[in-house]
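Trainee: I would like to go through this structure with you. May I put some questions as they occur to me?

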Amino acid sequence: MPYFDLSETPLRELNRALHAIAPGANDREFEVANPRGSHAVAVGCQAPVAVTIKGSVGYYCAGMNSAATITVHGSAGPGVAENMMSGTVIVEGDASQYAGATGRGGLLVIKGNAASRCGISMKGIDIVVHGDIGHMSAFMGQSGHLVVLGNAGDALGDSLYEAKLFVRGTVKSLGADCVEKEMRPEHHAVLAALLEKAGVTGVETTEFKRYGSARKLYNFNIDNADAY
Amino acid sequence: MTYHNPPTPPRKSATFDDASLAEIRRAAATGIYDIRGGGTKKKLPHFDDLSFLGASMSRYPLEGYRERCDTSVTLGTRFAAKPLHLKIPITIAGMSFGALSGPAKEALGRGATLSGTSTTTGDGGMTDEERGHSDLLVYQYLPSRYGMNPADLRRADAIEIVIGQGAKPGGGGMLLGQKISDRVAEMRTLPKGIDQRSACRHPDWTGPDDLEIKILELREITDWEKPIYIKVGGSRPYYDTALAVKAGADVVVVDGMQGGTAATQDVFIENVGQPTLACIRPAVKALQDLGMHRKVQLVVSGGIRNGADVAKALALGADAVSIGTAALVAIGDNDPKWEREYNALGTTAGAYDDWHEGKDPAGITTQDPELAARLDPVAAGRRLANYLKVMTLEAQTIARACGHNHLHNLEPEDLCALTIEAAAMAQVPLAGTDWIPGKTGL
Amino acid sequence: MCGIVGLFLKDPALEPRLGELLSDMLITMTDRGPDSAGIAIYGKPGPGRVKLTLQSDRPDEDFETIAERLSHVTRTAPKVAVKSSHAVVQLPAAALDEARAFIRRALPSVRVMSAGESVEIYKEIGLPKDVVARFDIRSMRGTHGIGHTRMATESAVTTLGAHPFSTGLDQCLVHNGSLSNHNNLRRELARSGIIFETENDSEVAAAYLTARMAEGFDLGGALTKALDDLDGFFTFVVGTRTGFGVLRDPIACKPAVMAETERYVAFGSEYRALVGLPCIDEARIWEPEPASVYFWDRDRSAGERTMAA
């Protein structure tokens with residue numbers, strides 16, 4: 001198993017090795033030690049490898065991930081799994097701002113809390129947060145799902161497009177053009193599948209409320225100008 | 001004797017001129033600000049207000065043809081393993097597929113490739129047509145991140161992180177519903193036909209200290225191969241350039257207020273930003289103060305129209321220029337041959353700026369398949385290449401006349417200013433004097 | 001645009017290590033700002049005595065006879081400790097105004113970095129590691145401190161433009177972000193008599209808090225008031241003789257991480273800054289909420305007070 005101790009090995013070597021994995025290569029499990037808050041750890045992965053990071057990471061860990069499964073045994077700094085395409089990223093601790101920002105696919109699981117702007121501008125990613133999320137989460141969310149087992153902060157889903165938000169706890173306030181919507185059977189099914197994929201047990205989909213776009217800002221209307 | 005009162009001719013207010021009156025009526029009727037494309041239309045101090053001092057007795061000119069005047073430039077020499085080698089110092093600015101039709105993007109790629117220069121994607125992602133027809137393609141990294149994906153990042157030749165643009169420093173773009181076709185909607189992950197508002201700040205970082213970390217991520221993902229440009233709107237060019245360098249840029253792009261946009265509020269286009277002429281010297285000074293002039297390359301854009309403009313921008317310290325509006329005109333935008341159709345749209349060739357409505361008779365700023373089909377990308381690409389060739393020859397002509405064997409040897413001292421405003425902004429002496437307002441005594 | 005750190009000790013056993021811990025925190029943040037660095041340390045106050053931290057670009061000339069000259073003027077026996085370009089002058093509290101007036105009058109190249117019972121501020125152009133070494137910050141003990149490494153945005157890269165900024169006795173502030181109404185505020189505060197040394201937006205923030213505290217607000221109250229009056233992007237970490245506070249703006253997009261254990265409260269622009277602190281793995285770690293104030297005071301039972309606007 002390739003092992004990188006970031007207290008001794010430069011980050012460049014880790015990312016270079018991850019980018020150089022040839023199709024069919026045998027080394028499919030990487031371990032990273034002592035990240036101590038380093039930035040850009042395991043970014044731009046393209047191969048279906050498993051990367052286990054022992055410790056907390058800084059900005060943009062697992063950025064633009066495709067196919068890889070990356071697990072952070074610690075907390076993640078701003079922009080974890082930003083613009084993820086596919087694969088899975090799991091944060092055992094908390095995540096800072098911008099978790100899963102602009103993500104286009106794959107699954108991001110945060111076992112602790114996520115700070116502000118979780119899922120900002122999300123474009124197809126699925127995000128499951130076991131704890132709470134901060135303010136401005138799913139701002140301008142275009143597509144994908146954000147599932148929150150705890151509470152949401154201010155201005156949830158501001159300027160939302162078609163991302164679907166499920167919150168089990170309280171929502172401090174909804175952003176412009178975000179409204180609570182009915183949980184229809186298909187939403188229960190989608191949510192149940194996401195919870196299962198994220199390893200959440202003992203929670204019923206009936207405990208969640210769904211939020212989505214009111215679609216009032218989709219085309220300019222003078223009567224909605226106060227929202228601008 | 002009888003006295004007659006002489007008639008008083010009607011007099012219109014210079015303040016409440018026809019355009020202002022029309023805008024008041026339009027606003028009152030619709031309740032929405034005016035949205036349009038293009039750059040500022042008001043008269044600003046510009047390159048026309050500068051003139052070159054050709055060689056004479058104290059300097060010796062170079063002969064055309066025989067004595068070479070080189071035009072090449074390399075962008076991205078600071079950190080990138082694979083900098084961009086351009087044959088001419090004129091690049092094509094970022095314009096999105098979405099704002100422009102597929103054939104228009106292809107034409108820009110073809111023209112740039114024929115000329116040995118680069119073209120740039122825009123807010124909306126990279127299309128196969130443009131990648132396929134562009135030898136050197138700069139991939140814009142924008143706040144909206146529409147279509148952003150690591151595969152395109154890897155197949156780009158450089159990455160341009162867009163902080164702002166000259167038409168609207170501090171603002172985001174908009175693409176109105178008419179232009180969100182099926183393909184544009186799919187590329188941007190948006191519902192078809194809605195108004196798309198682009199964010200004004202990047203979603204996952206704010207400020208130069210965070211940008212430094214973002215650049216690290218982009219370099220790590222692309223294995224430190226691609227040059228990283230940072231594009232800013234012309235607002236505080238000294239600080240913005242200095243901070244781009246500190247954040248780790250290979251290239252800084254400064255876009256003055258004459259730079260165009262696909263669509264934004266007219267009030268923004270006309271009232272925010274500094275003229276291109278005023279942006280260059282502060283940006284160069286920032287590079288010089290940091291010991292980075294020519295090490296981090298400076299690209300200037302906004303209102304570049306001809307080889308004289310190119311030579312003037314380079315003389316003031318830029319390494320290259322970038323053109324957007326002029327490139328669109330070269331491939332056929334606002335061509336008088338569509339005059340009847342422009343009239344039907346309530347405008348005239350040369351004034352058409354409702355690019356966001358997607359009804360462009362020239363088939364350039366539209367997603368309507370019938371209109372887009374009017375543009376032959378091969379012929380249009382050829383036209384762009386011709387135009388770039390002319391600009392280059394013109395710039396060479398001037399450089400030779402000033403005694404230079406390379407365009408980058410042009411200096412501010414090759415210039416004088418025709419107006420006090422231009423002398424102050426470009427920091428070159430007023431013609432016939434050695435007076436630089438604010439710099440030297442009268 | 002910068003990296004900021006702060007450390008407030010609850011456990012006196014850690015006090016001998018304050019300089020060392022804070023130095024390491026700041027050095028870790030070097031990437032966030034390479035232009036200048038500074039640290040404020042709150043040490044033990046002497047009864048009835050105050051400290052002036054002075055800076056000079058020609059310390060050999062300015063500081064050589066300063067003790068003698070000050071003793072003449074103030075008719076006291078000040079203690080002077082010179083550290084590179086800085087000097088810490090200790091004198092009876094009653095002599096402070098006279099000493100400051102003399103310095104302003106007779107030593108034009110000397111700048112007052114801080115004044116107060118316990119604070120000392122050291123700041124210079126350069127990287128944190130060099131600034132820390134130059135002033136031997138590691139060996140300093142104290143109860144709390146803050147630090148800053150700067151990426152200058154609009155104001156000059158000078159010693160005076162470095163943080164922390166101190167505009168009142170035992171008060172200091174570091175800032176990450178960019179204020180957008182500081183010019184108007186500076187003019188307003190200047191009219192009320194505050195003298196500004198720089199064009200820096202952060203100095204205005206410091207002066208703003210000083211002005212509010214002069215009106216009778218406590219640190220927490222002054223910080224809360226700042227939420228109404230300051231525009232732009234800001235995270236502040238501030239110190240007073242006994243207090244330590246953090247303010248985060250309503251937009252809250254500059255990074256900020258806090259940690260608290262039974263032994264200390266710590267702030268860092270990034271988690272990296274905190275990893276070397278004792279038992280950090282057992283700390284409660286969180287990000288300050290938008291439009292919120294957090295502060296701790298040694299004179300009260302140490303505890304967090306949060307006020308969301």
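Mentor: Let us begin with a term: a salt bridge is a side-chain nitrogen of Lys or Arg within 4 Å of a carboxyl oxygen of Asp or Glu. Please keep in mind that this is a predicted model.

Trainee: How far apart are the closest N and O atoms of E270(C) and R32(C)?

Mentor: They are 2.6 Å apart, and the two residues form a salt bridge. The pair links distant parts of chain C, with the two positions 238 residues apart in numbering. E270(C) sits in the loop between strand 14 (264–268) and strand 15 (284–286), while R32(C) sits in the loop between helix 1 (18–28) and strand 2 (36–42).

Trainee: Is E270(C) buried or exposed? And R32(C), buried or exposed?

Mentor: E270(C) is buried, at a relative accessible area of 4%. R32(C) is buried as well, at 0%. Salt bridges with shared partners also join both residues into one network with D209(B), D210(B), D31(C), K254(C) and R272(C).

Trainee: That network includes residues of chain B and chain C. How many residues does each chain give to the contact?

Mentor: Chain C gives 17 residues and chain B gives 12. The area buried between them is about 1200 Å², and carbon and sulfur atoms give 54% of that. On the side of chain C, R32(C), M151(C) and E154(C) lose the most area to chain B, together 40% of what that side buries.

Trainee: How many salt bridges are there between chain C and chain B?

Mentor: The count is 5. One salt bridge pairs K246(B) with D35(C), with the closest N and O atoms 2.6 Å apart. There are also 7 residue pairs in polar contact between the two chains. By class, the chain C side that touches chain B has 9 nonpolar, 2 polar and 6 charged residues.

Trainee: Now the other interface. What area do chain A and chain B bury between them?

Mentor: About 3200 Å², of which 56% is on carbon and sulfur atoms. Y60(A), M64(A) and Y161(A) lose the most area on the chain A side, together 19% of what that side buries. The contact takes 38 residues from chain A and 40 from chain B.

Trainee: Which polar features cross that interface?

Mentor: There are 4 salt bridges between chain A and chain B. E82(A) forms a salt bridge with R145(B), where the closest N and O atoms are 3.8 Å apart. Across this interface, 15 residue pairs are in polar contact. Helix 1 (residues 11–19) of chain A supplies the largest share of the chain A side, 5 residues. That side divides into 17 nonpolar, 14 polar and 7 charged residues.

Trainee: Changing topic to the interior of chain B: which residue does R36(B) pair with in a salt bridge?

Mentor: R36(B) pairs with D266(B), the closest N and O atoms being 2.6 Å apart. The two residues are 230 residues apart, R36(B) in strand 1 (residues 35–38) and D266(B) in helix 8 (residues 266–271) of chain B. R36(B) is buried, with a relative accessible area of 3%, whereas D266(B) is partly exposed, at 23%.

Trainee: And helix 2 of chain B: why is it described as largely enclosed by the rest of the structure?

Mentor: Because 10 of its 14 residues are buried, helix 2 of chain B is largely enclosed by the rest of the structure. The buried residues include G102(B), A104(B), L108(B) and S115(B). Their cover includes strand 5 (90–92), strand 6 (118–120), helix 3 (128–133), helix 11 (325–331) and helix 14 (377–401) of chain B.

Trainee: What is its reach from first C-alpha to last?

Mentor: Helix 2 (residues 102–115) of chain B reaches 20 Å, close to the 20 Å expected at 1.5 Å a residue. G116(B) follows the helix, with a positive phi near 75°.

Trainee: One last residue, S56(C). Where is its place?

Mentor: S56(C) is in strand 3 (residues 49–56) of chain C. The residue is buried, with a relative accessible area of 0%. A polar atom of the S56(C) side chain lies 2.9 Å from the backbone nitrogen of R58(C). Leaving aside neighbours within four places in sequence, S56(C) is in contact with D62(C), F63(C), S85(C), S109(C) and V110(C).

Technical notes. Residues are numbered from 1 along each chain as its sequence is written. Chains are lettered from A and ligands numbered from 1 in the order in which they are written. This is a predicted model: local features need pLDDT of at least 70, side-chain atom pairs count only at pLDDT 80 or more; totals for chains, interfaces and linings use all residues. Side-chain values use heavy atoms; hydrogens and water are left out. Helices (H or I, at least four residues) and strands (E, at least two) are DSSP runs, numbered from the N terminus. The expected span of a helix is 1.5 Å times one less than its number of residues. Buried means under 20% relative accessible area, exposed over 50%, partly exposed in between (1.4 Å probe, protein chains only). Contact means heavy atoms within 4.5 Å. Buried area is the accessible area (1.4 Å probe) that two parts lose on being put together, summed over both. A polar contact is a pair of N or O atoms within 3.5 Å; within protein, one must be able to donate a hydrogen and the other to accept it, and residues adjacent in sequence count only if both atoms are side-chain atoms. Ala, Val, Leu, Ile, Met, Phe, Trp, Tyr, Cys and Pro count as nonpolar, Asp, Glu, Lys and Arg as charged, and the others, Gly among them, as polar.
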